[in-house]
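Biologist: I should like to learn how to read the features of a model of this kind. Could we begin with a single residue and work outwards?

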Amino acid sequence: LMCSDFALVAYGDDAQRVIAQTQDLDFGLRALRRVAVTPMRVNLVRDFTSPLPAGRDVNDIMGKLEKPGRELLLLVRPDRYIAAAIDASDSAAIAKLAQATRALVASVQAA
């Protein structure tokens, strides 16, 4: 089943906080789904105030991506290939990804 939207996937111990930081950022994409995924060993924070969906990697499929203390943010294309991946432990990196994505989308639309 294919989805026609881009997606932001935060992965790591603090994925819920990372994905919440993206809520107010403009990535220049008309439709952008956002989701947080915590590693198998980490439980979700149930009282987290973000309305964004979150889940736990119960099969440890993404476990090879994780290094302790690192939060990942993946920009996933509609065909489910990863367009960008950043270490989102630094919130400035998230803003830079949004800015770069917005600029790329604008340049493609202008062409």
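Modeller: Let us begin with Arg80, which is placed in the loop between β4 and β5. Please keep in mind that the model is predicted.

Biologist: What is the phi of Arg80?

Modeller: The general expectation comes first. Most residues other than glycine have a negative phi. Arg80 is not a glycine, yet its phi is positive, near 75 degrees. The residue belongs to the hairpin of β4 and β5, in which 5 residues lie between the strands.

Biologist: Is Arg80 buried or exposed?

Modeller: Burial is read from the relative accessible area: under 20% is buried, over 50% is exposed, and values in between are partly exposed. Arg80 has a relative accessible area of 39%, so it is partly exposed.

Biologist: Where is Asp60 found, and what is its phi?

Modeller: Asp60 sits in the loop between β3 (54-56) and β4. Its phi is positive, about 60 degrees, although the residue is not a glycine. Because its relative accessible area is 36%, Asp60 also counts as partly exposed.

Biologist: Both loops adjoin β4. How many residues of strand β4 are buried?

Modeller: Here one asks how the residues of a strand fare as a group. In β4 (residues 72-76), 5 of the 5 residues are buried, so the strand is largely enclosed by the rest of the structure. Next, consider the direction of the side chains. Leu72, Leu74 and Val76 point one way from β4, whereas Leu73 and Leu75 point the other way, and all of them are buried.

Biologist: With which strands does β4 pair, and in what sense?

Modeller: Pairing is read from the bridges between strands. Strand β1 (residues 6-11) pairs with β4 in the antiparallel sense over 5 bridges. Strand β5 (residues 82-87) also pairs with β4 in the antiparallel sense, over 5 bridges. Leu73 is a useful landmark: Ala10 stands opposite Leu73, and in β5 its bridge partner is Ile86.

Biologist: Let us turn to a helix. Where is the place of Arg102, and what does it touch?

Modeller: For such a residue, contacts with distant parts of the sequence are the informative ones. Arg102 is in helix α2 (residues 91-110). Leaving aside residues up to four places away in sequence, Arg102 touches Asp26, Phe27 and Gly28. The C-alpha atoms of Arg102 and Leu29 are separated by 7.2 Å, although these residues are 73 residues apart along the chain. At 34% relative accessibility, Arg102 counts as partly exposed.

Biologist: What pattern does the protein follow along the sequence?

Modeller: One lists the elements in order. There are 2 helices and 5 strands, and they follow the pattern β-α-β-β-β-β-α.

Biologist: What radius of gyration does the protein have, and what would a compact globule have?

Modeller: The value is compared with an expectation for the chain length. A compact globule of 111 residues would have a radius of gyration near 13 Å; the protein has 14 Å, which agrees. Along the principal axes, the C-alpha atoms fill a box of roughly 45 × 35 × 25 Å.

Biologist: What percentage of the residues is buried, and what share of the contacts is between residues 24 or more positions apart?

Modeller: Buried residues make up 38% of the 111 residues. Among contacts with a separation of 6 or more, 60% join residues 24 or more positions apart. As for the surface, the accessible area comes to about 6,900 Å², of which 54% belongs to carbon and sulfur atoms.

Definitions and conventions. Residues numbered from 1 in each chain as written. Predicted model: local features only at pLDDT ≥ 70, side-chain atom pairs only at ≥ 80, totals over all residues. Heavy atoms only, no water. Helix = DSSP H or I, 4+ residues; strand = E, 2+ residues; numbered from the N terminus. Rg over C-alpha atoms; globule rule 2.2 N^0.38 Å. Buried < 20%, exposed > 50% of the residue type's maximum accessible area, 1.4 Å probe, protein only. Contact = heavy atoms within 4.5 Å. Areas by Shrake-Rupley, 256 points an atom, 1.4 Å probe, with all protein chains shown as cover. Pairing = 2+ DSSP bridges.
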